2 protein chains.
Amino acid sequence: MTDTTDATRAPQAVKGSRIKKGLVVINTGNGKGKTTAALGVLFRAWGREMRVEMFQFLKHTGARFGEKRAADKLGIPIKAMGDGFTWRSKDMDQTQELARQQWENCKQAILSDQHDVIILDEFTYPLHYGWIPVEQVIDTLKQKPHMMHVIITGRYAPDELIEFADLVTEMREVKHPYREQGIKAQPGLEF
Amino acid sequence: MTDTTDATRAPQAVKGSRIKKGLVVINTGNGKGKTTAALGVLFRAWGREMRVEMFQFLKHTGARFGEKRAADKLGIPIKAMGDGFTWRSKDMDQTQELARQQWENCKQAILSDQHDVIILDEFTYPLHYGWIPVEQVIDTLKQKPHMMHVIITGRYAPDELIEFADLVTEMREVKHPYREQGIKAQPGLEF
């Protein structure tokens with residue numbers, strides 16, 4: 001019989017000494033649960049009355065997904081990409097410019113020390129596409145307040161960022177109903 | 001340059017036809033984010049005014065973790081293992097008996113059709129240890145209401161259960177600060 005300690009133990013943090021440090025966390029991989037786990041942290045942290053904010057790097061601004069509805073009810077800010085954006089150049093690719101602008105918002109939030117947890121949702125994509133230099137992101141993360149947690153989600157997390165992060169998890173797809181059974185994403189579960 | 005569709009698309013569900021079906025979801029693997037992603041679903045589903053409940057298969061009843069604090073504030077039931085348990089036999093191993101009793105609670109909840117999402121947190125362990133027969137669980141899941149989502153978390157998900165489930169994700173540890181840097185689990189982030 002396998003030892004049962006792992007199944008039934010309380011989290012490590014409950015006992016013993018603890019180094020307190022805000023972490024840089026990455027949820028990457030081709031599977032489900034990257035954003036969802038970030039939302040779980042948001043839920044937990046809110047339960048502890050920590051100050052949380054989420055920045056989304058997706059195009060669909062204003063979508064009334066489950067997380068947005070929940071966050072609105074709880075007064076948790078979720079800043080969609082493009083919110084409050086004013087066009088200054090018609091020449092630039094719209095999505096790139098929106099992503100860069102959103103990153104400026106994140107940078108400000110990270111450096112202003114008004115939060116305990118900041119989530120940069122789907123942020124790996126503008127890094128992967130080369131729209132925002134990874135070095136600039138790491139440089140900003142180096143200056144983050146000591147106790148602040150920053151969670152970055154999305155596929156294709158750049159190696160340099162993984163190298164820099166404290167906690168990295170790959171969500172790996174084992175079985176996926178949408179491809180295998182023709183089932184589409186379900187409200188509540190996935191958005 | 002990589003195609004940007006994946007980065008910026010809205011979830012599939014927003015357009016197109018959709019097979020509506022409650023899913024059996026498993027978050028397994030040795031990495032972080034299994035329970036946390038289940039909490040993210042709980043948060044989303046709550047945002048959509050869906051009826052959610054979480055059953056925990058961990059020993060530490062009554063712990064005031066972040067998720068419990070948040071759920072209490074929102075009126076989301078999280079039923080810890082051992083809650084309301086009355087001892088009927090002193091001979092049985094306590095944890096096994098608690099797990100079996102908790103499974104009875106889950107079964108009732110699954111079959112009574114009062115929920116849209118039910119989370120069986122760390123439920124893989126009593127299955128893995130052979131305390132609860134996997135066949136019995138699958139038999140119950142076969143009878144679940146058509147639109148109900150059931151999310152099961154924990155390491156060592158049994159093969160039969162993975163075979164039966166609709167959506168299975170492995171959370172794989174890529175980098176873990178607690179081992180590598182001696183940092184313990186952080187409140188808000190992990191509990």
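How many disulfides does a search of the whole structure find over all chains? The search finds 0 disulfides, although the model does hold cysteines that can be selected. Keep in mind throughout this tour that the model is predicted.

**Stop 1: the cysteines**

Select A:Cys106, which counts as buried because its relative accessibility is 0%. Then move to chain B and select B:Cys106, which likewise counts as buried, at 0% relative accessibility.

**Stop 2: the sheet**

Switch to a cartoon view and follow the open sheet of 12 strands, in which the pairing is mixed. Starting in chain A, the order is β3(A)-β2(A)-β4(A)-β5(A)-β1(A)-β6(A), and it carries on into chain B as β6(B)-β1(B)-β5(B)-β4(B)-β2(B)-β3(B). The edge strands are β3 (78-79) of chain A and β3 (78-79) of chain B, each of which pairs on one side only.

**Stop 3: strand β4 of chain A**

Now select residues 117-121 of chain A, the strand β4, which runs parallel to strand β5 (residues 149-153) of chain A and is joined to it by 4 bridges. To see individual partners, select A:Val117 together with A:His149, its bridge partner in β5(A), and then A:Leu120 together with A:Ile152, which is the bridge partner of A:Leu120 in β5(A). Strand β2 (residues 52-56) of chain A also runs parallel to β4(A), and 5 bridges join these two strands.

Are the residues of β4(A) buried or exposed? The strand is mostly covered, with 5 of its 5 residues buried. In a regular strand the side chains alternate between the two faces of the sheet. Show the side chains here, and you will find A:Val117, A:Ile119 and A:Asp121 pointing one way from β4(A), while A:Ile118 and A:Leu120 point the other way, all of them buried.

**Stop 4: A:Gln56 and its surroundings**

Next select A:Gln56, which is found in strand β2 of chain A and stands opposite A:Asp121 in β4(A). A:Gln56 is buried, since its relative accessible area is 10%, under the 20% cut-off. Not counting residues up to four places away in sequence, A:Gln56 touches A:Ile78, A:Lys79, A:Ala80, A:Met81, A:Gln102 and A:Asp121.

**Stop 5: where the two α2 helices meet**

Two packed helices are described by the angle between their axes and the distance between the axes. Select α2(A) and then helix α2 (residues 34-47) of chain B, which pack at an angle of about 80 degrees with their axes 6 Å apart. At that angle α2(A) is roughly perpendicular to α2(B). On the side of chain A, the contact is made by A:Thr35, A:Thr36, A:Ala37, A:Leu39, A:Gly40, A:Val41, A:Leu42, A:Phe43 and A:Arg44, and on the side of chain B by B:Thr35, B:Thr36, B:Ala37, B:Leu39, B:Gly40, B:Val41, B:Leu42, B:Phe43 and B:Arg44. Sorted by class, this contact has 10 nonpolar, 6 polar and 2 charged residues.

For a closer look, select A:Thr36, which has its place in helix α2 of chain A and counts as buried because its relative accessibility is 10%. Leaving aside neighbours within four places in sequence, A:Thr36 is in contact with B:Thr36, B:Ala37, B:Gly40, B:Val41 and B:Arg44.

**Stop 6: from α2 of chain A to α3 of chain B**

Keep helix α2 (residues 34-47) of chain A selected and add helix α3 (residues 66-74) of chain B, whose axis comes within 7 Å of the α2(A) axis and crosses it at roughly 75 degrees. That angle makes α2(A) roughly perpendicular to α3(B). From α2(A), the contact is made by A:Phe43, A:Arg44, A:Trp46 and A:Gly47, and among the residues of α3(B) that take part are B:Glu67, B:Arg69 and B:Lys73. The contact of α2(A) with α3(B) has 5 nonpolar, 2 polar and 4 charged residues.

**Stop 7: two residues with positive phi**

Most residues other than glycine have a negative phi, and most peptide bonds are trans. Select A:Glu122, in the loop between β4 and α5 (124-128) of chain A, where phi is near 65 degrees, a positive value in a residue other than glycine. A:Glu122 is buried, with a relative accessible area of 14%.

Finish in chain B at B:Glu49, which lies in the loop between α2 and β2 (52-56) and has a positive phi of about 60 degrees although it is not a glycine. B:Glu49 is exposed, with a relative accessible area of 65%.

Conventions. Residues numbered from 1 in each chain as written. Chains lettered and ligands numbered in written order. Predicted model: local features only at pLDDT ≥ 70, side-chain atom pairs only at ≥ 80, totals over all residues. Heavy atoms only, no water. Axes fitted to C-alpha atoms, helices over the stretch in contact; angles between N-to-C directions. Parallel < 35°, antiparallel > 145°, perpendicular 65-115°, else oblique. Contact = heavy atoms within 4.5 Å. Nonpolar A, V, L, I, M, F, W, Y, C, P; charged D, E, K, R; others polar. Pairing = 2+ DSSP bridges. Buried < 20%, exposed > 50% of the residue type's maximum accessible area, 1.4 Å probe, protein only. Disulfide = S-S within 2.5 Å.
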